[in-house]
Amino acid sequence: MKDGLVKMEYQTGQDGMMYPDIRISENPECDQRVTGRFGRQWKKYMQENHPIRLAELIAQGKINEILAQVDREAERKKEKLIQQMLEKEPMPEREDALDRAAHMEMLIHQAEEIILFRIVYRLR
């Protein structure tokens, strides 16, 4: 009998059965990672605006790596932007926690809007 077209690797489960070791990408760590908010938004953007490119990335096994990259890049940039914004617009000196929370929420919202247009809504 000839070898099959696809070479499959198997691993033994706790029940003693052999299960195929199926991977979506070359990096198994990316396959296990939960996609974050920015990665999900990027994927939605790609589905709506660039479905052919998204299909190519899925077929090439690169989708999870890119989702993880978008999440990491966006979160890093978000933190950096918030720090820069706090330098320009420091927290109010008042003791009112609501004022301070509202100020921080405003900065976070502004940073996230910038992230969406600079990082998320980009063809990769």
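Leaving aside its neighbours within four places in sequence, with which residues is H103 in contact?

## Surroundings of H103

In this predicted model, H103 belongs to helix α5. Beyond its neighbours within four places in sequence, H103 is in contact with E89, P90, M91 and P92. One polar approach can be described in detail: the side chain of H103 reaches the backbone oxygen of E89 at 2.8 Å.

The relative accessibility of H103 is 12%. Since buried residues are those under 20%, H103 counts as buried.

## Helix α2: length and buried face

Helix α2 comprises 13 residues, running from 37 to 49. At 1.5 Å a residue, a helix of this length should span 18 Å, and the end C-alpha atoms of α2 are indeed 18 Å apart, so expectation and model agree.

The buried residues of α2 are F38, G39, W42, Y45 and M46. Seen down the axis of α2, these buried residues fall within an arc of 120°, and they therefore line one face of the helix. An α-helix has 3.6 residues a turn, so residues three or four places apart point the same way. The cover over the buried residues of α2 includes helices α3 (51–59), α4 (63–88) and α5 (97–120).

## Aromatic pairs

A pair of aromatic rings is described by the distance of the centres and the angle of the planes. The structure holds two such pairs. In one of them, the rings of Y45 and Y121 have centres 5.5 Å apart and planes at 35°; the pair is therefore tilted, as the angle lies neither under 30 degrees, which would count as stacked, nor over 60, which would count as edge-to-face. This pair links distant parts of the chain, with Y45 in helix α2 and Y121 in the segment after α5, 76 residues apart.

The rings of F117 and Y121 have their centres 5.4 Å apart and their planes at 80°, so this pair is edge-to-face. Y45, F117 and Y121 form one aromatic cluster.

## Accessibility within the cluster

How do the members of the cluster formed by Y45, F117 and Y121 stand with respect to solvent-accessible area? Y45 has a relative accessibility of 17% and so counts as buried. Y121, at 32% relative accessibility, counts as partly exposed. F117 is exposed, with a relative accessible area of 59%.

Y45 also appears among the buried residues of α2, and it is the α2 member of the pair with Y121.

Key. Residues numbered from 1 in each chain as written. Predicted model: local features only at pLDDT ≥ 70, side-chain atom pairs only at ≥ 80, totals over all residues. Heavy atoms only, no water. Helix = DSSP H or I, 4+ residues; strand = E, 2+ residues; numbered from the N terminus. Expected span 1.5 Å × (residues − 1). Buried < 20%, exposed > 50% of the residue type's maximum accessible area, 1.4 Å probe, protein only. Arc of directions from axis to C-beta. Contact = heavy atoms within 4.5 Å. Polar contact = N/O pair within 3.5 Å; in protein donor to acceptor, adjacent residues only side chain to side chain. Phe/Tyr/Trp six-rings, centres within 6.5 Å; stacked < 30°, edge-to-face > 60°.
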